[in-house]
Amino acid sequence: MAATEKTFYLETFGCQMNAHDSEKVVGTLISEGYRQVETVEEAGLVLYNTCSIRDKAEQKVFHRLADYKKLQKEGKKFGVLGCVAQQEGHKIFERAPHVSLVCGSASYWKLPGMLAQLDTDIIRDDRPRSSQLAADGLVRITGLDDRQTDKCFETEFTARTNPHRGYITIIEGCDKFCSYCVVPFTRGKERSRTSESVLAEAQRMADLGYTEIQLLGQNVNSYKDPAGKKSFAELLDAVGRVPGIRRVRFTTSHPRDFGKDIVDAIDSNQALCDHVHLPVQSGSTRMLDAMQRLYTRDQYLERISWMKAAKRDISITCDVIVGFPGETEHDFEETLSLLDEVQYDGVFAFKYSPRPNTPAIGLDDAIPDAEKSRRLNFLLERQRSIQQKRNQKHLGESVEVMVESRNEARAQWVGRTTQNKTLNFTSDRNLELGSYVPVRVTTAFPNSLVGELAI
Ligand code: 5AD
Ligand code: SF4
């Protein structure tokens with residue numbers, strides 16, 4: 001490594017919003033003259049883009065920081081970005097004194113200035129606590145969104161990692177305040193981007209050869225075009241009509257704001273994928289109320305019925321929390337019966353984890369961890385057989401996939417269907433990554449399909 005060369009290592013935890021934020025951070029660092037390296041050892045600056053959705057996710061970053069603490073003596077600098085940074089703020093310096101930089105996602109626009117400070121060790125910041133020279137001589141810099149700024153971290157420099165499928169943020173933050181959820185506190189209030197800027201970015205990506213776009217937000221359904229031109233469903237449709245774009249996905253949806261116009265848009269525009277992720281969290285209206293989810297079981301099922309009535313076969317996935325304070329065996333059984341009724345194609349299930357600042361932190365988290373685990377495993381086992389049945393329906397079908405990668409060990413190609421299912425398949429021909437090919441499904445597993453090229 002040349003003495004003057006600036007290098008960084010970045011590890012990302014958490015959701016797709018974080019994965020995409022990291023692409024923006026990488027783009028910004030590269031534009032500031034940094035080079036990305038693959039290991040902590042090679043890097044001058046080590047960054048963790050963190051998640052605080054559940055306790056385990058939050059602890060990971062502190063374990064990593066502890067693992068590499070001794071490397072600070074060799075001159076490496078450490079930074080904590082993302083949701084733990086926003087949530088814990090200056091406390092991170094107390095817990096991990098070798099950290100130099102703490103920056104929440106709504107403040108990444110300040111990164112170039114913060115990096116310059118780190119680089120030169122010059123302290124110049126108007127907020128007295130945001131940059132400190134500690135007793136050990138280490139410069140400590142923070143970028144924390146304490147004013148709930150309207151700024152979105154837009155995409156002047158984005159280093160997208162996949163050349164065919166890319167994310168576009170359409171809305172940041174969340175105003176829902178579900179009682180268990182830390183997101184409104186880490187990502188702030190909702191801010192939407194104009195439909196014009198989203199469409200311009202989609203067009204730029206299409207020009208670069210992207211064919212699949214995933215629209216991102218904590219709650220995409222409450223998208224409000226600041227210019228008042230398009231609803232979320234209209235924006236979806238418009239992105240699907242950008243020449244060159246063949247697939248459009250979106251995540252995450254909130255049932256309360258999920259309108260039938262979204263299903264109509266999917267029905268009328270082939271470029272919109274046959275997949276909706278609609279987190280339910282619980283099948284018990286009593287629990288939904290305690291979670292402050294703003295809908296009942298029946299209202300949720302009404303949204304499901306719109307999708308089941310669609311002309312296209314829309315695959316449906318969801319998130320579930322088990323063991324929320326007060327969840328009885330009966331409430332849990334209502335969640336199981338909802339799974340039976342909906343017949344999801346995928347369920348992400350989590351044990352309830354109390355989070356700082358959230359309304360539910362005041363509730364007695366009385367369900368023992370072993371009982372939460374029992375409920376989780378029972379639910380996942382039940383869902384496995386539902387998925388096995390769902391996937392068996394594809395046997396014999398010819399399905400279009402985007403070729404995503406090659407698994408040499410198994411001599412298979414890895415493709416993804418419009419329904420967001422992984423389809424591993426064989427082919428005599430050499431295929432191009434990012435191309436679209438038809439595949440005949442020959443075997444169904446609960447979490448994937450197997451097939452052979454159908455041309
Ligand atoms: N405990 C457990 N799971 C949670 N989720 C969000 N907050 C918590 C929490 N405190 C889950 C929800 C959400 C998904 C992203 O993570 O199911 O939809
Ligand atoms: Fe984790 Fe939520 Fe932050 Fe995503 S927004 S990284 S899920 S805490």
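**Exercise 1. Which residue in strand 18 does Val414 stand opposite?**

Solution. This is a predicted model, where local features need pLDDT of at least 70, side-chain atom pairs count only at pLDDT 80 or more, and totals for chains, interfaces and linings use all residues. Residues are numbered from 1 along each chain as its sequence is written, and side-chain values use heavy atoms, without hydrogens and water.

Step 1. Find the strands: they are DSSP runs of E, at least two residues long, numbered from the N terminus. Strand 18 covers residues 422-426.
Step 2. Check the pairing, which requires at least two DSSP bridges between two strands. Strand 17 and strand 18 run antiparallel and share four bridges.
Step 3. Read off the partner: Val414 faces Asn424.
Step 4. Look at the hairpin between these strands. Four residues separate them, and Asn420 has a positive phi near 70 degrees.

**Exercise 2. Describe how strand 17 pairs with strand 16.**

Solution.
Step 1. Strand 16 spans residues 398-407 and pairs with strand 17 in the antiparallel sense, over six bridges.
Step 2. Val401 has Thr417 of strand 17 as its bridge partner.
Step 3. This hairpin also has four residues between its strands, with Ala411 at a positive phi near 50 degrees.

**Exercise 3. Decide whether strand 17 is enclosed or open.**

Solution.
Step 1. Apply the cut-offs: buried is under 20% relative accessible area, exposed is over 50%, and partly exposed lies in between (1.4 Å probe, protein chains only).
Step 2. Sort the side chains. Gln412, Val414 and Arg416 point one way; Trp413, Gly415 and Thr417 point the other way.
Step 3. Conclude. Six of the six residues in 412-417 are buried, so strand 17 is largely enclosed by the rest of the structure.

Note on methods:
Chains lettered and ligands numbered in written order.
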